[in-house]
Each structure stands twice: as structure tokens, then as C-alpha cells.
Amino acid sequence: MTWESDSPAEEKSISPLGWLRVGVRAVLLALLVFGGLALLLALRLFERPLFGLNRPWTPYITQVVCRGAFVILGVEHRAEGSQMKDAGAVVANHSSWLDIFTLNARKRVYFVSKSEVARWPGIGWLARATGTVFIKRDPREAKLQQEIFEARLLAGHKLLFFPEGTSTDGLRVLPFKPTLFQAFFAKPLRDRLFVQPVTVVYEAPFGETARFYGWWGDMDFGSHLLKTLSAGRGGRVTVKYHTPLRVADFSDRKVLAKAAEAAVRKGMPLEFAEVAEVYHARR
């Protein structure tokens, strides 16, 4: 299920200077991403047999690639708060495909994503190579997915997922779905895991609307990528790390999900809610 806005996305033609940026940035980004992917896959040939599920080397390649991507895109990347050092998971609001780069740039995490993403050109390849956990929305596979979650968490992986279940225009936080939080209440995990809420805030480049980086509904990935590559100066993303929540302090998944949602929502700028109301009023 995808989120749909009351107001359609703004369409703006790309200027000649914007197309020049697209050309230069596309080449540099392709060299960075696919060069990093080739290096990562080569290193995994040694890392996998030596360490199994553990990945002591390759996540550093992912971080370098993601940080470099923002330099190429001309987007400032900032972080606030402290990253969790305890075992557990990370939950965040979801605004765009850019979240993959945004959240990998600062922290060694492994995404939890719907199985369809594995088949997406480009992003699907990167997701598989970087250790993404793919899940199917099939109740018959719930037990298997629970076992996969437990194995990855017990191996020390920090799994990251988006409890909203869909991406938005970046101006709001949707209600968190508690389904995936259930995995943290398994007996081998509950007393040792924490969940860190994270708020991701995108600020548009100069002269663009507040929803510039948002990717939602039936938006085409290729068009959104071109728009992002063509952007001028002033774009910025801030990652806000909130106080980790100890799973054992919560009675069930629903209570934990609400607490995580409240923390993420608190990190959104107040002016974003006002802008969101303006778009809603245009309906």
C-alpha cells in the first residue's frame, strides 16, 4: 500500500544548466556506486566464508559510497544525537529512495525491505549486496521471517526498517505499523535488544518546494532521479538520532511502536506540519 498526497507533485522542467548537472553527476555517481559495488562483492568472496553473517569489512565501503553520493549531489548531510551502541534495531520515517543513502552514510545498518525491492534495477542490486533483509507480506512465511530476524539480530546486525510501510512527501510521519516490532519480543531477544528511533529531515534546494525530495504514490523513479541530479544548491538532509528504547520496558509491540513513532514525530520541524496543512487545504 502506498501513500497518496491530496495535492499532486509539482512538475518543473529541467533547465539547460540542470541538464548539465544531470550529465556530470550521473557519470560520477555511476562510477562511485558501481565501483563501490564491485569492490564490495570482491571483498565478500573472502568475508563470507570467514565470518558468515557477520560483515566486519564491507559496511565501510557502503558508508564511503553513500557519503560520497551526497558530495556529488551537492546535498549537505548532517547528524544530530548519538548513535546507539547497544544491540538492536533502528526505525525511521520514510520519505524517499534517498533514505538508503542517508541512513547508510552515518551508521552501519541493514535494511528490512519488501521483497519487490530485490527486483528493482539498480537499487535492488545494491540492496542485495549490502545485506538487506527482504520480507514477503505472506502470513505463511511469518515463522521463517521471524527466524531470519532473530539470526541477524543475534549476529549483531542493526536492522533498520520503516514502520510507516510506505514513503511520503517528507513533511509528515504516518502512524507506525506494529507488525515488525513483534520480532523483538522473542524470548532470545527481548531482554537484550534496544530500538533507536531516527528522524530524517530533508530540506529542499534553493527555489524548490518543501516536498522536493519526497517520493510517493506512483512517482516514476527515473524522473525523480533526474530531478534530484539536476538540483541546484541549498539541499540538506539531517539525521536525528533519538534515545534508544529498551524493548523489555514495553509490554507489547503496539506500545513500543507508539513510543518509537512519538520520538520520530517529535524530531520533525514544526514548520513542516504547517506546510503539510497548506497542501492538504488545496484539496
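This tour moves through helix contacts, an aromatic pair, cavities and a pocket, stating at each stop what to select. The model is a predicted one, and residues are numbered from 1 along each chain.

**First stop: helices H1 and H2**

Select helix H1 (16-51) and helix H2 (58-73). Their axes come within 9 Å and cross at roughly 180 degrees. H1 is therefore roughly antiparallel to H2. To view the contact itself, display the side of H1 formed by Arg25, Leu28, Leu29, Leu32, Val33, Gly36, Leu39, Leu40, Leu43, Arg44 and Glu47. Opposite them, H2 contributes Thr58, Pro59, Ile61, Thr62, Val65, Gly68, Ala69, Ile72 and Leu73. Coloured by class, this contact of H1 with H2 shows 13 nonpolar, 4 polar and 3 charged residues.

**Second stop: H1 against H6**

Keep H1 on display and add helix H6, residues 221-230. Here the two axes are 7 Å apart and the packing angle is about 105 degrees. H1 is therefore roughly perpendicular to H6. On the H1 side, select Gly18, Trp19, Arg21, Val22, Arg25, Ala26 and Leu29; on the H6 side, select Leu226, Thr228, Leu229 and Ser230. The residues of this contact divide into 6 nonpolar, 3 polar and 2 charged. Arg25 and Leu29 of H1 take part in the contact with H6, and both also appear in the contact with H2.

**Third stop: an aromatic pair**

The whole structure holds 11 aromatic pairs. For one of them, select Trp3 and Trp216. Their ring centres are 5.9 Å apart and their planes stand at 65 degrees, so the pair is edge-to-face. Where do the two residues sit along the chain? Trp3 belongs to the segment before H1, and Trp216 to the loop between strand S6 (194-203) and H6, so the pair ties together parts that are 213 residues apart in sequence.

**Fourth stop: the largest cavity**

The structure contains 4 cavities of 30 Å³ or more. The largest has a volume of about 160 Å³. To centre the view on this cavity, select Thr62, Val65, Cys66, Leu126 and Thr130, which lie nearest its centre among 14 lining residues. The elements giving two or more residues to this lining are H1, H2, helix H3 (99-104) and helix H4 (123-129). Its lining comprises 10 nonpolar, 4 polar and no charged residues.

**Fifth stop: the second largest cavity**

Next, select Leu40, Arg55, Thr58, Pro59, Thr62, Gln63, Asn104, Lys107, Arg108, Val109, Tyr110 and Thr130, which line the second largest cavity. This cavity holds about 70 Å³ of space. Which helix gives the largest share of its lining? That share, 4 residues, comes from H2. By class, the lining has 4 nonpolar, 5 polar and 3 charged residues. Thr62 and Thr130 line this cavity, and both are also among the residues nearest the centre of the largest cavity.

**Last stop: the second largest pocket**

Finally, select Glu10, Glu11, Lys12, Phe212 and Lys227. Of the 28 residues lining the second largest pocket, these lie nearest its centre. The pocket contains about 720 Å³ of space. H1 and H6 each supply at least two lining residues, and the largest share, 5 residues, comes from H6. The lining is made up of 11 nonpolar, 9 polar and 8 charged residues.

Notes. Predicted model: local features only at pLDDT ≥ 70, side-chain atom pairs only at ≥ 80, totals over all residues. Heavy atoms only, no water. 1 Å grid on protein atoms, 1.4 Å probe; cavity = no way out; pocket = protein on both sides within 12 Å on 5 of 7 lines; lining within 4 Å. Points joined across faces, edges and corners; volume = space filled by probe spheres on them. Nonpolar A, V, L, I, M, F, W, Y, C, P; charged D, E, K, R; others polar. Axes fitted to C-alpha atoms, helices over the stretch in contact; angles between N-to-C directions. Parallel < 35°, antiparallel > 145°, perpendicular 65-115°, else oblique. Contact = heavy atoms within 4.5 Å. Phe/Tyr/Trp six-rings, centres within 6.5 Å; stacked < 30°, edge-to-face > 60°.
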